[in-house]
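Trainee: I would like to take a close look at a single part of this model, slowly and with the reasoning spelled out. Could you walk me through one residue and then show me how its surroundings fit into the rest of the chain?

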Amino acid sequence: MHWAAYGLWPLSILHSFMLGTADEPILRLTTVACAVAGVVAILWRTGASHHDSDRRRHVASQEWS
């Protein structure tokens, strides 16, 4: 579900800039703030690692009987 939201997020930003009828600066600023928050969330989600990720990879690569 989260990955679907990340995938559809650019469409909402595009919708705000392209199809928004209000030309209020505060609404444009809100859209830019949401875009920045989305980029930060995606970078954090894809770049964050757990402190024992090497150990998890090692255990996952072992042959299980």
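Mentor: Leaving aside residues up to four places away in sequence, T31 touches I13, S16 and F17. Please keep in mind from the start that this is a predicted model, and that what I describe is computed from its atoms. With S16 the touch is also a polar contact, made from side chain to side chain at 2.6 Å. T31 itself has its place in helix α2, which covers residues 25–47, whereas α1 covers residues 2–19.

Is T31 buried or exposed? Its relative accessible area is 9%, and since buried means under 20%, T31 is counted as buried. T31 is joined in this by A35 and G38, which complete the list of buried residues in α2, and the buried residues of this helix pack against α1. An α-helix has 3.6 residues a turn, so residues three or four places apart point the same way. For contrast, look at A33, which is also found in helix α2: with a relative accessible area of 43%, A33 is partly exposed. Its C-alpha atom is separated by 13 Å from that of W9, although the two residues are 24 apart along the chain.

Now let us follow the two helices along their length. Helix α2 has 23 residues and reaches 33 Å from its first C-alpha to its last, close to the 33 Å expected at 1.5 Å a residue. Helix α1, with 18 residues, reaches 25 Å between its end C-alpha atoms, which is close to the expected 26 Å. There is nevertheless a kink of about 30° in α1, located at L8, shortly before the proline P10.

The remaining helix, α3, spans residues 53–61 and holds both R57 and D54, which lie three residues apart, about one turn of the helix. Side chains of opposite charge can pair when their charged atoms come close. Here R57 forms a salt bridge with D54, and the closest N and O atoms of the pair are 2.9 Å apart; the structure holds one salt bridge. What does the accessible area say about R57? At 53% relative accessibility, R57 counts as exposed, because the cut-off for that word is over 50%, and D54, at 58%, counts as exposed as well.

Finally, step back to the whole chain, whose secondary structure comes to three helices and zero strands, running α-α-α from the N terminus on. The radius of gyration is 19 Å, well over the 11 Å that the globule rule gives for 65 residues, so the chain is more spread out than a compact globule. Its C-alpha atoms fill a box of roughly 60 × 20 × 10 Å along the principal axes. Of the 65 residues of the chain, 8% count as buried, and T31, where we began, is one of the buried residues of α2.

How values were computed. Residues are numbered from 1 along each chain as its sequence is written. This is a predicted model: local features need pLDDT of at least 70, side-chain atom pairs count only at pLDDT 80 or more; totals for chains, interfaces and linings use all residues. Side-chain values use heavy atoms; hydrogens and water are left out. Helices (H or I, at least four residues) and strands (E, at least two) are DSSP runs, numbered from the N terminus. The expected span of a helix is 1.5 Å times one less than its number of residues. The bend at a residue is the angle between axes fitted to the seven residues ending there and the seven starting there. Buried means under 20% relative accessible area, exposed over 50%, partly exposed in between (1.4 Å probe, protein chains only). A polar contact is a pair of N or O atoms within 3.5 Å; within protein, one must be able to donate a hydrogen and the other to accept it, and residues adjacent in sequence count only if both atoms are side-chain atoms. Contact means heavy atoms within 4.5 Å. A salt bridge is a side-chain nitrogen of Lys or Arg within 4 Å of a carboxyl oxygen of Asp or Glu. The radius of gyration is taken over C-alpha atoms; the globule rule is 2.2 Å times the number of residues to the power 0.38.
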